[in-house]
Amino acid sequence: MKAMFINGEWVKASSGDTRDIINPYNQDVIATVAEGNEKEAQFAIAAAREAFDHGQWAHWPARERGKKIHSVAALIERDREELAELESLDTGKTVEESRVDMDDIAGVFRYFAEMADKDGGEIIDSPISNSTSRVVHEPVGVCGQITPWNYPLLQASWKLAPALAAGNTLVMKPSEITPLTSVKVFELMEEAGIPAGVVNLVLGSGGSVGAELSANDDVDLISFTGGIETGKRIMQAASSNVKNLALELGGKNPTIVFADADFDTAVDQAMNAVFFHAGQICSAGTRLIVEERLHDPFVSALVDRVKDITLGSGFNESTQMGPLISKEHLTKVVNYVENGKKEGATVAVGGEKPDDPELQNGFFYLPTVLTNCTTDMSVVQDEGFGPVITVETFSTEEEAVRLANDSIYGLAGGVFTNDIAKAERCVAKMRMGTVWINDVNLYFPQAPWGGYKQSGIGRELGKTGLEEYQETKHIFQNLKPEPTHWF
Ligand SMILES: NC(=O)c1ccc[n+]([C@@H]2O[C@H](COP(=O)([O-])OP(=O)(O)OC[C@H]3O[C@@H](n4cnc5c(N)ncnc54)[C@H](O)[C@@H]3O)[C@@H](O)[C@H]2O)c1
Ligand SMILES: C[N+](C)(C)CC=O
């Protein structure tokens with residue numbers, strides 16, 4: 001049984017509770033893990049508090065912390081294949097996609113390891129005679145970190161690596177349905193020699209462990225990746241002690257395709273935008289906004305290619321798309337498309353579960369293209385989080401941008417055109433944290449990631465990804481102290 005990691009020890013739940021982890025491809029039980037609750041969260045928070053307040057981690061030379069983080073990266077590289085297979089067993093995504101994730105994850109650890117000792121503070125030109133003024137960055141303290149099921153270890157790495165680089169201690173709660181690679185990476189952090197109490201892992205549900213992390217006054221910062229409604233609850237709970245807050249929430253991401261775009265590239269990338277990991281990606285380009293005169297040939301080419309997508313086990317080399325994560329999520333996607341149909345959308349391809357007998361034990365849904373969509377429809381406004389793309393049309397540049405921005409979300413978006421001036425005009429007006437010109441779904445450790453509007457608060461990755469885990473202190477020194485006789 002997989003246990004939790006608290007204060008440098010692997011522990012079971014004090015209640016004795018466990019949870020079976022299910023393979024979404026065939027519903028096999030792939031592991032049984034400890035199911036913690038508020039109690040384990042409190043133990044872990046106390047351990048992280050003690051390690052921060054009385055331990056040495058925050059005071060190590062940043063270069064030494066960086067070396068440890070490099071060691072974690074090296075262990076991830078060593079165990080790449082095992083981690084990739086574990087991620088695919090747990091999420092259903094293809095092993096090929098998981099391998100790419102593992103390379104990204106090692107890269108994230110390496111990026112923040114390198115960054116750890118690059119910030120020696122800043123000298124300010126003091127406006128006061130005989131004084132010095134400088135700014136230093138310090139760790140925030142105890143960090144609560146809550147992650148989702150769709151990119152379990154990738155989203156964890158975006159939080160673990162910068163938090164450690166900045167000198168914080170932390171308690172992580174992975175999604176209760178996909179905890180396996182997080183357990184493994186905590187084993188690797190132990191092997192790398194991160195001191196006891198600095199990194200703690202508590203497994204369990206959001207309502208118990210997650211809620212405790214969000215509300216507990218000994219937690220200084222909460223970093224959350226997940227859905228908007230959970231994010232709102234966490235924001236409320238975090239107000240108890242005015243925690244620092246970082247929220248990476250959902251997206252409903254538009255891809256604008258102008259008629260002058262390279263046709264084959266745009267069709268190909270429209271598929272990349274939405275069908276990786278069966279559309280269960282926050283930045284999936286699920287809203288296609290195509291120039292009116294391009295609509296018919298574009299949809300026709302898209303449908304032809306979508307028909308050929310091969311569904312199956314993520315462990316089969318010919319598989320291009322795996323299952324959805326759970327029975328509940330499959331039901332959500334089915335209802336999402338049914339609602340779209342009732343609102344007037346037309347199913348151009350897909351729109352149902354596959355009838356292949358080999359897929360009946362998994363949570364599969366066919367890759368789907370919905371046409372005749374308008375901005376007011378729920379399929380266009382709601383994050384479906386499935387392999388479903390909606391198609392709207394526009395006739396002017398202004399209309400394209402207006403449609404793209406007509407959303408409560410603002411995570412990411414794309415523009416396809418060969419007119420670079422037009423592309424620049426569009427992206428300048430698109431209210432999103434990431435915009436791609438003639439590409440989709442790209443992210444890397446050097447560039448910040450996060451959302452405008454209800455897609456979140458703050459940025460992970462890049463310089464800002466480290467700054468989220470730092471407090472800023474101004475230190476002023478009077479070099480000629482003497483009485484002022486003001487009073
Ligand atoms: N912006 C990004 O970078 C990004 C990345 C990945 C996923 N996401 C979003 O995540 C969502 C899918 O993930 P999900 O279904 O796991 O999201 P979710 O909000 O249901 O759960 C996310 C995490 O929050 C926990 N949680 C649930 N209730 C809680 C509570 N009351 N208090 C504290 N924690 C609680 C869950 O246990 C889980 O660990 C999508 O909306 C997707 O867009 C965003
Ligand atoms: C942030 N990203 C794209 C890695 C995963 C979103 O679900």
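These notebook entries record what I looked up in a predicted model of a protein with two ligands.

**Entry 1: overall form.** I began with the fold as a whole. The protein contains 15 helices and 22 strands. I then took the box along the principal axes, which the C-alpha atoms fill at roughly 80 × 55 × 40 Å. For the radius of gyration I found 24 Å, which agrees with the value near 23 Å that a compact globule of 487 residues would have.

**Entry 2: surroundings of ligand 1.** I listed 29 residues around ligand 1, of which Thr147, Glu176, Thr230, Leu249 and Glu383 come nearest. Sorted by class, this shell holds 12 nonpolar, 12 polar and five charged residues. I next asked which helix gives the largest share of the shell. Helix 7 does, with four residues. Helix 7 spans 206-215, and helix 7, strand 10 (221-225) and helix 8 (228-238) each supply at least two residues of the shell.

**Entry 3: polar contacts of ligand 1.** I looked up contacts between oxygen atoms of ligand 1 and side chains. For glutamate 176, an N or O atom of the side chain is 2.6 Å from a ligand 1 oxygen. For glutamate 383, a polar side-chain atom lies 2.6 Å from an oxygen of ligand 1. Tryptophan 449 also places a polar side-chain atom 3.0 Å from an oxygen of ligand 1. As for cover, ligand 1 has 850 Å² of accessible area on its own, and the protein covers 87% of it.

**Entry 4: surroundings of ligand 2.** Where does ligand 2 sit? I found ligand 2 in the largest cavity. Around ligand 2 I noted Asn150, Tyr151, Leu154, Gln155, Trp158, Ile281, Cys282, Ser283, Tyr443 and Trp449. By class, seven residues of this shell are nonpolar and three are polar, with no charged residue. I marked Trp449 in particular, since Trp449 belongs to the surroundings of ligand 2 and its side chain has the 3.0 Å contact with ligand 1.

**Entry 5: polar contacts of ligand 2.** I recorded contacts with both side chains and backbone. The side chain of asparagine 150 has an N or O atom 2.7 Å from an oxygen of ligand 2. At cysteine 282 the partner is a polar backbone atom, 2.7 Å from an oxygen of ligand 2. A nitrogen of ligand 2 is 3.5 Å from an N or O atom in the side chain of glutamine 155. Finally, I checked the cover: of the 250 Å² of accessible area that ligand 2 has on its own, the protein covers 99%.

Key. Residues are numbered from 1 along each chain as its sequence is written. Chains are lettered from A and ligands numbered from 1 in the order in which they are written. This is a predicted model: local features need pLDDT of at least 70, side-chain atom pairs count only at pLDDT 80 or more; totals for chains, interfaces and linings use all residues. Side-chain values use heavy atoms; hydrogens and water are left out. A residue is near a molecule or strand if one of its heavy atoms lies within 4 Å of it. A polar contact is a pair of N or O atoms within 3.5 Å; within protein, one must be able to donate a hydrogen and the other to accept it, and residues adjacent in sequence count only if both atoms are side-chain atoms. Accessible areas come from the Shrake-Rupley method with a 1.4 Å probe; for residues, only the protein chains shown count as cover. On a 1 Å grid over the protein atoms alone, a cavity is a set of points where a 1.4 Å probe fits but cannot get out, and a pocket is an open set with protein on both sides within 12 Å along at least five of seven lines; lining residues have an atom within 4 Å of a point. A molecule sits in a cavity or pocket if more than half of its atoms lie within 2 Å of its grid points. Ala, Val, Leu, Ile, Met, Phe, Trp, Tyr, Cys and Pro count as nonpolar, Asp, Glu, Lys and Arg as charged, and the others, Gly among them, as polar. The radius of gyration is taken over C-alpha atoms; the globule rule is 2.2 Å times the number of residues to the power 0.38.
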